[in-house]
Amino acid sequence: MFQSIYYEDYVVGDVRETYGRTITEADIVLHAGQTGDFYPHHMDAEWCRTQDFGRRIAHGTLIFSIGVGMTAQAVNPQAMSYGYDRLRFVKPVFIGDTIRARVTVKEKKDHPKRPAQGIVTELVEVLNQRGETVLACEHLLLVNKR
């Protein structure tokens with residue numbers, strides 16, 4: 001679905017949330033294969049029993065990828081991703097956890113070199129099934145003005 005949302009249409013404080021998605025062992029194994037990250041934290045159940053969390057954890061980059069992917073609900077031809085800032089892995093995500101994303105429009109500002117565009121900063125929070133924040137970052141959008 002396409003939905004044109006211009007810079008002027010974004011309202012600081014607006015919030016949207018996604019549906020949930022359960023993290024599976026297959027997610028972790030596929031991500032390890034795609035990235036080459038086979039660290040024991042993700043792949044070795046026996047070793048993990050000796051560590052603080054006591055079990056395997058999902059890759060932070062996996063949770064970031066899925067969380068951000070869940071926020072892509074409509075194509076906005078007036079905007080494009082300008083990058084991400086302040087990425088933090090706040091809590092571990094385990095196999096069987098269900099995550100969802102909450103996006104809050106945090107800030108709007110004019111682009112310093114492109115008067116026809118502005119920068120919209122969205123706070124992206126990935127939450128687990130208990131409502132705990134497991135990941136947080138800021139998504140910067142480059143958005144056309146009317």
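**Charged side chains and their salt bridges**

With a relative accessibility of 52%, Arg-130 counts as exposed, since the limit for that class is set at over 50%. The model in which this value was computed is a predicted one. The side chain of Arg-130 meets that of Glu-132 in a salt bridge, with a distance of 3.2 Å from N to O, and Glu-132, at a relative accessible area of 26%, is partly exposed. Elsewhere, Arg-86, Lys-106 and Glu-138 are joined into one network by salt bridges that share partners.

Side chains of opposite charge can pair when their charged atoms come close. In the whole structure, a search finds 11 salt bridges, and one of them is formed by Arg-146 with Asp-9, where the closest N and O atoms are 2.7 Å apart. Arg-146 lies in the segment after strand β6 (133-144), whereas Asp-9 lies in the segment before strand β1 (15-17), so the pair ties together parts that are 137 residues apart in sequence. As for the surroundings of the two partners, Arg-146 is exposed, with a relative accessible area of 63%, while Asp-9 counts as partly exposed at 32% relative accessibility, because a residue is placed in this class when its value lies between the limits of 20% and 50%.

A further salt bridge brings together the side chains of Glu-125 and Arg-102, at 3.1 Å from N to O. Glu-125 belongs to strand β5, which covers residues 117-127, and Arg-102 belongs to strand β4, which covers residues 98-110, so that this pair links distant parts of the chain, 23 residues apart. Glu-125 has a relative accessible area of 14% and is therefore buried, given that the term applies to values under 20%. Arg-102, in contrast, is partly exposed, with a relative accessible area of 24%.

Another charged residue, Glu-46, is found in helix α3, which is made up of residues 45-48. At 55% relative accessibility, Glu-46 counts as exposed. The separation between Glu-46 and Arg-16 can be stated in two ways, as these residues are 30 residues apart in sequence and 39 Å apart in space, taken from C-alpha to C-alpha.

Key
Residues numbered from 1 in each chain as written. Predicted model: local features only at pLDDT ≥ 70, side-chain atom pairs only at ≥ 80, totals over all residues. Heavy atoms only, no water. Helix = DSSP H or I, 4+ residues; strand = E, 2+ residues; numbered from the N terminus. Buried < 20%, exposed > 50% of the residue type's maximum accessible area, 1.4 Å probe, protein only. Salt bridge = Lys/Arg side-chain N within 4 Å of Asp/Glu carboxyl O.
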